[in-house]
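This briefing sets out selected features of the structure shown below. Please read the points alongside the sequence and the model.

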Amino acid sequence: MKLVLLPAIAGIVVASPAPAQDHSASPLKTVRSATRSATIEPAANGFVSGAQVYPFSEGTIFQVYAAPGLVTDIMLQPGENLVAVASGDTARWVIGDTTSGSGDGKQTHVLVKPFSAGLLTNLVVTTDRRAYHIRLVSTSGTALSSMRWTYPQDELLALRRKAEAAQAAAPLASGLAIEQLHFNYAISGDRPAWRPLRVFDDGAKTYVEFPASLATGEAPPLFVVGADGKAELVNYRQRDRFYVVDRIFDAAELRLGLKKQQIVRIDRVSRATKRRGA
């Protein structure tokens, strides 16, 4: 009998459907975990006077504590224009906005105040520069008086622009060694007001020096002339009254105009090293 019953029991076990598994908690747990990881709270070293200052980062959720009877001021970047404010709970929170200052220093303030303690909601503030995601928590009596952000990316861009401006303003001669300059270039052709005064190179770059009047008139494009006589527009940058070309060329032409084109030709007259004062 046992030999007959065991296969039958095994068949029942195999045929029985497996108990259903509840996977619904997994995505919710993932969302909760991700939200918790993305949220940063006020820290002691983040206060400047009475204001909590957060470093702005895209996708970060910034926590704000508010309390009944107290207004918390959320300050945006000066010059930033408010587009919209949306909250998950507009029935139990008072949310408004105002501005201070004028011109480039005009600043938007988003003001929040809860009706009671123990409330939790979110706030999305969109501007012409970015979107802020804020978590609002109400307590019985403790609230941030104000909060604002620093903007590391903007600061890096500002430093980069400042460095580029300083480099552009630096005298061209500051990076040149006189003993490495070669002046073996001949200038010929038309004589427009913008005709170069001289051309020289330092072994790596070529410099075309123009009269000061270049700043008040139209600047001519520079074409490098190949061995086959074909002219090709070359990349160069203008520093004050100089064209700086990141290469050495044997022949080039400055051309300006369409119907009556003015052409000034530049030729490197010798491959022998010729230093100034030699």
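In strand 11, Ser 146 is the bridge partner of Asp 73. This pairing belongs to a predicted model, in which the protein has three helices and 20 strands. Of its 278 residues, 30% are buried. Among contacts between residues at least 6 apart in sequence, 61% join residues at least 24 apart.

**Strand 5 and its partners**

- Strand 5 spans residues 72–75 and is covered on both faces.
- Thr 72 and Ile 74 lie on one side of strand 5, Asp 73 and Met 75 lie on the other, and all of these residues are buried.
- In general terms, the side chains of a regular strand alternate between the two faces of the sheet.
- Strand 5 runs parallel to strand 11 (residues 146–150), and two bridges join them.
- With strand 8 (residues 107–114), strand 5 pairs in the antiparallel sense over four bridges.
- Asp 73 has a position opposite Leu 111 in strand 8, in addition to its bridge partner Ser 146 in strand 11.

**The open five-strand sheet**

- An open sheet is formed by five strands in the order 1-4-10-9-6, with mixed pairing.
- Strand 1 (39–40) and strand 6 (82–87) are the edge strands; each has a single partner strand, so one side of each is left without a neighbour in the sheet.
- The pairing of strand 1 with strand 4 (residues 61–66) is parallel and comprises two bridges.
- Opposite Thr 39 stands Ile 61 of strand 4.

**Ala 86 in strand 6**

- Ala 86 is located in strand 6, one of the two strands at the edges of the open sheet.
- Is Ala 86 buried, partly exposed or exposed? Its relative accessibility is 44%, and because this value falls between the 20% and 50% limits, Ala 86 counts as partly exposed.
- Beyond its neighbours within four places in sequence, Ala 86 is in contact with Asn 122, Leu 123 and Val 124.
- Ala 86 and Val 124 are 38 residues apart along the chain, yet their C-alpha atoms are separated by 5.2 Å.

**Salt bridges**

- The model contains nine salt bridges; the points below describe some of them.
- Glu 209 and Arg 198 form a salt bridge in which the closest N and O atoms are 2.8 Å apart.
- This pair links distant parts of the chain, since Glu 209 belongs to strand 14 (residues 206–209) and Arg 198 to strand 13 (residues 198–201), eleven residues apart.
- Glu 209 is buried at a relative accessible area of 8%, whereas Arg 198 is partly exposed at 33%.
- Arg 237 and Asp 246 are joined through their side chains by a salt bridge, with an N to O distance of 2.8 Å.
- Arg 237 is partly exposed at 37% relative accessibility, and Asp 246 is partly exposed with a relative accessible area of 48%.
- A further salt bridge connects Arg 265 with Glu 253, whose closest N and O atoms are 3.2 Å apart.
- Arg 265 is part of strand 20 (residues 262–268) and Glu 253 is part of strand 19 (residues 251–256), so their salt bridge ties together parts that are twelve residues apart in sequence.
- Arg 265 counts as partly exposed, at 27% relative accessibility, while Glu 253 counts as buried, at 13%.
- Glu 253, Arg 255, Arg 265 and Asp 267 are joined into one network by salt bridges that share partners.

**The largest pocket**

- Empty space of this kind can be located by rolling a probe the size of a water molecule over the atoms.
- The volume of the largest pocket is about 170 Å³.
- Which residues line the largest pocket? The lining consists of Phe 56, Ser 57, Glu 58, Arg 129, Arg 130, Tyr 151, Pro 152, Gln 153 and Asp 154.
- By class, this lining has four charged, three nonpolar and two polar residues.

Technical notes:
Residues numbered from 1 in each chain as written. Predicted model: local features only at pLDDT ≥ 70, side-chain atom pairs only at ≥ 80, totals over all residues. Heavy atoms only, no water. Salt bridge = Lys/Arg side-chain N within 4 Å of Asp/Glu carboxyl O. Buried < 20%, exposed > 50% of the residue type's maximum accessible area, 1.4 Å probe, protein only. Pairing = 2+ DSSP bridges. 1 Å grid on protein atoms, 1.4 Å probe; cavity = no way out; pocket = protein on both sides within 12 Å on 5 of 7 lines; lining within 4 Å. Points joined across faces, edges and corners; volume = space filled by probe spheres on them. Nonpolar A, V, L, I, M, F, W, Y, C, P; charged D, E, K, R; others polar. Contact = heavy atoms within 4.5 Å.
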